[in-house]
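Work through the exercises below with the sequence and the 3D view open. Each task is followed by its solution.

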Amino acid sequence: MTLTLPKIKYAVFFILFVTLIVFTRFYNLDKTARFLWDESSDLVRMHQIYVEKKLTLIGPISEDGNKVFSSLTYYMFMPFAILGHFDPVSTAYGSAFWGILTICLLSYLTYKVNTKMLFLALPIFIFWYPLVETGRWAWNPNLIPLWVTLALIFYSRKGLNSKFLSGLFMGLSIHQHYLAIFASAGLALVIFVEALKEKNLKKFFVFILGIFITLLPFVIFDLTHPPGLFLSRILYFNYLEGTATKTTYLSNFFSVISGSFQYFTQSVFLKIMLFLSISLLVLIDIKNRSKALPFVAIFFMQILGLSLVKGFSNHYILAGIPFFIVYLIYPRKNASKILSFICLGIILISSIFSFPEQIKKITWESDIASTRYITNIIQKTIQKNDLKNANLAVLASDDPNTYGRRYRDLLLLRGLTLKTKGEYDISDALFVISTSSLDAVRKDNAYEIDRFRSGPLVNSWEVPDSNWRIFLFSRSI
């Protein structure tokens with residue numbers, strides 16, 4: 001077979017595309033993939049499911065124990081955890097895999113919606129801050145764009161089966177985080193309006209059926225395990241405190257708008273530029289009665305829903321991102337087409353500036369290599385010296401989790417159990433993990449070190465390529 005010039009161009013483009021998405025999702029994960037107590041506790045629970053061979057609906061649980069999510073995340077990351085022997089970075093590789101799949105699905109969706117936008121959309125999918133972050137961080141909300149993109153792909157197809165699958169995938173996004181319910185309701189409303197116009201309500205009902213089937217396990221679980229873990233916690237341990245007044249709601253609304261566009265651009269200046277450009281584009285689309293408006297309406301529905309929420313976090317807006325993308329790439333003409341290019345251009349520029357830090361910046365939250373080294377030192381020291389009643393604390397550092405949940409979880413995976421955070425007063429040995437000097441650790445006001453403050457220093461270690469230190473104290477006499 002003779003390779004023509006167009007075929008060579010396509011082959012080079014494909015190789016470049018694959019190389020870039022693999023590089024941007026896998027490079028330097030051991031130093032930059034976030035690994036805190038959420039991720040470590042998830043790893044422990046995945047290990048329990050794997051060892052005990054028991055299926056469960058109970059997935060990630062917040063540190064305060066008030067929020068319980070579906071176990072879908074665990075089953076999606078489990079194969080990677082098993083292959084990586086439950087190493088801290090193993091699930092990050094799983095996140096990279098699902099992140100790459102999300103890029104491929106978004107690329108396919110772009111091809112179906114507006115092929116001419118592919119050349120501009122592809123580099124955005126590869127380098128855009130939210131998609132890079134969610135593709136390198138093994139955390140349950142970060143899988144939301146995958147399911148929403150699948151929902152949009154099937155929404156764009158004709159037939160009742162496609163609408164059912166669209167609802168099914170939107171329901172799975174709620175499994176990842178229940179605040180995805182706002183975007184799901186937005187898409188349901190759009191389909192309902194379409195169904196009324198077409199006088200075919202079946203498409204709406206099968207979409208709702210798809211969502212209902214995915215949420216039915218929560219209902220069954222709560223009814224069979226009173227007072228329940230899922231719906232009861234959404235109702236009683238929700239985010240909706242302090243939003244009773246119009247003033248608070250408006251304040252939250254502007255906070256969500258600001259936070260979302262800051263997340264998209266990572267720049268105050270570009271945030272303002274993108275918001276102004278989007279606003280003008282929406283006004284022109286309204287005037288022209290553009291078919292793209294339902295997608296920005298769903299994105300706006302997510303923002304309105306989040307305005308009821310106390311506080312804003314980046315992952316709250318994830319369910320709206322695929323709708324935001326489709327709105328921008330939708331076919332247009334004249335001024336609206338130019339504005340959509342400007343919006344995408346702003347996002348691309350912001351991506352180019354923000355991307356390098358995402359794969360290079362090492363923080364206490366993401367230094368898996370140091371976390372692994374510290375865990376190895378503690379394990380070897382306990383086993384070699386047959387230490388009894390050993391405990392652990394993280395003091396005089398940026399890490400706010402002073403009892404060291406992530407280190408305890410990793411030790412638990414290796415069969416070692418330390419004294420609990422309520423047993424410092426009866427512990428005989430204390431490992432202190434810190435970024436400060438020995439003198440600063442001894443002077444720390446934390447109660448965890450009270451019984452060891454004047455005790456002898458048995459040993460100390462410096463963690464390579466970081467400012468972390470490990471101190472081993474014996475109890476004061």
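The exercises deal with enclosed space in this structure. This is a predicted model, in which local features need pLDDT of at least 70, side-chain atom pairs count only at pLDDT 80 or more, and totals for chains, interfaces and linings use all residues. Residues are numbered from 1 along each chain as its sequence is written, and side-chain values use heavy atoms, with hydrogens and water left out.

**Exercise 1.** Find how many cavities of 30 Å³ or more the structure has.

Solution. A cavity is a set of points, on a 1 Å grid over the protein atoms alone, where a 1.4 Å probe fits but cannot get out. The search of the whole structure gives 2 of them.

**Exercise 2.** Describe the largest cavity and its lining.

Solution. Start with volume, the space filled by probe spheres set on the points: about 100 Å³. Next, take the lining residues, which have an atom within 4 Å of a point. There are 13, and Trp-98, Gly-99, Thr-102, Thr-134 and Asn-142 are the closest to the centre. Then assign elements: α5 (90-113), α7 (129-134) and α8 (144-155) each give two or more residues. Helices here are DSSP runs of H or I, at least four residues, numbered from the N terminus. The most, 5 residues, come from α5.

**Exercise 3.** Which elements line the second largest cavity?

Solution. This cavity holds about 60 Å³ of space. Its lining includes Ala-121, Trp-128, Phe-324 and Leu-344. Two or more residues each come from α6 (118-127), α16 (321-329) and α17 (334-360). With 4 residues, α16 has the largest share.

Methods. 1 Å grid on protein atoms, 1.4 Å probe; cavity = no way out; pocket = protein on both sides within 12 Å on 5 of 7 lines; lining within 4 Å.
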